[in-house]
Amino acid sequence: MIDHYDWARGREAMLRFGPDTGPIVILVPPLFEEANRSRSFGVTMLRALAERGIASVLPDLPGQGESEISLEQIRFSDWNNAISSLITALGPTRVHIAAIRSGGLLTRATPAQSRWLFAPQDGAALVRDLLRTRRLADEARDDIVLDASDGLIEIAGNIVSHALLGDLQETMPDRTDRARVVRLDSDPRDANRKVAGAPLWRRSEPGNDCTLAEMLAGDIADWIGTCGS
């Protein structure tokens with residue numbers, strides 16, 4: 001378990017966009033491989049927010065992207081603590097959280113002014129997808145039973161702990177009135193708004209959708225205005 005994240009000293013990588021004053025949005029990316037497939041799309045969203053005069057940051061979560069920390073060391077509480085530490089590092093400003101897919105699992109405990117979730121994914125669904133990937137890679141392996149130990153498992157080249165997957169499996173994204181949920185119109189689940197677009201996170205290679213990114217940036221800006229920037 002990691003005790004502290006020194007964002008201010010640049011221990012973890014972070015991209016920043018927009019003005020130096022006013023409200024700021026932290027975009028929490030999806031976890032694991034979906035982060036790579038959605039990164040360009042997320043950057044396009046944040047640049048569109050900057051054009052609206054809203055600042056934002058895109059962090060690499062500990063154990064992901066350019067992070068110096070090994071993923072196998074990470075526990076679910078580490079990611080939650082990292083987001084809270086980032087809010088503190090940003091200083092005395094009004095912070096709003098936006099999250100894509102499984103990034104929405106990390107927003108519930110944060111001291112942010114509001115939460116905005118795009119296509120949020122339940123932790124149980126995320127773990128099912130990960131274990132399905134594992135089984136496809138090793139068809140002879142029996143079903144995997146997760147436990148609370150520090151046992152490790154390899155999934156698509158990533159070494160993760162049973163404890164991390166177990167915690168994720170029990171976690172749900174924020175579904176209170178503090179959070180606005182936007183989904184693709186192909187998704188039958190409830191949402192505050194449905195939008196047209198393709199699920200970029202399902203593609204085998206990273207992709208982008210500038211029209212969708214622009215639309216979502218506008219929705220985030222409107223939501224921040226509603227919540228009081």
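## Contacts, rings and pockets

D122 touches L105, T171, M172, P173 and R175, leaving aside residues up to four places away in sequence. This is a predicted model. D122 sits in the loop between strand 5 (114-118) and helix 3 (123-137). Its relative accessibility is 19%, and buried means under 20%, so D122 counts as buried.

**Aromatic pairs**

The structure holds four aromatic pairs. One of them joins F32 and W79 edge-to-face, with 6.0 Å centre to centre and 70 degrees between the planes. This pair links distant parts of the chain. F32 lies in the loop between strand 2 (24-28) and helix 1 (33-51). W79 belongs to helix 2 (residues 76-89). The two are 47 residues apart. Both F32 and W79 are buried.

W116 and F118 form a stacked pair. Their rings are 6.3 Å apart, centre to centre, with 20 degrees between the planes. W116 is buried, at a relative accessible area of 1%. F118 also counts as buried, at 1% relative accessibility. Ring pairs link F41, W116, F118 and W201 into a cluster.

**Helix 4**

How many of the eight residues of helix 4 are buried? The count is six, and helix 4 (residues 162-169) is mostly covered. The buried residues are H162, A163, L164, L165, G166 and L168.

**The two pockets**

The largest pocket holds about 350 Å³ of space. Of the 18 residues that line the largest pocket, E33, R37, D129, L130 and T133 are the closest to its centre. Helix 1, helix 3 and strand 7 (158-161) each supply at least two residues of this lining. Which element gives the most to the lining of the largest pocket? Helix 3 does, with six residues.

The second largest pocket has a volume of about 240 Å³. Its lining has 16 residues, and the closest to the centre are F32, A35, N36, Q64 and G65. F32 thus appears here as well as in the edge-to-face pair with W79. Helix 1 and strand 3 (55-59) are the elements that give two or more residues to the lining of the second largest pocket. Helix 1 gives the most, with four residues.

The table sets out both linings by class.

| Pocket | Nonpolar | Polar | Charged |
|---|---|---|---|
| Largest pocket | nine residues | two residues | seven residues |
| Second largest pocket | seven residues | five residues | four residues |

Definitions and conventions
Residues numbered from 1 in each chain as written. Predicted model: local features only at pLDDT ≥ 70, side-chain atom pairs only at ≥ 80, totals over all residues. Heavy atoms only, no water. Buried < 20%, exposed > 50% of the residue type's maximum accessible area, 1.4 Å probe, protein only. Contact = heavy atoms within 4.5 Å. Phe/Tyr/Trp six-rings, centres within 6.5 Å; stacked < 30°, edge-to-face > 60°. 1 Å grid on protein atoms, 1.4 Å probe; cavity = no way out; pocket = protein on both sides within 12 Å on 5 of 7 lines; lining within 4 Å. Points joined across faces, edges and corners; volume = space filled by probe spheres on them. Nonpolar A, V, L, I, M, F, W, Y, C, P; charged D, E, K, R; others polar.
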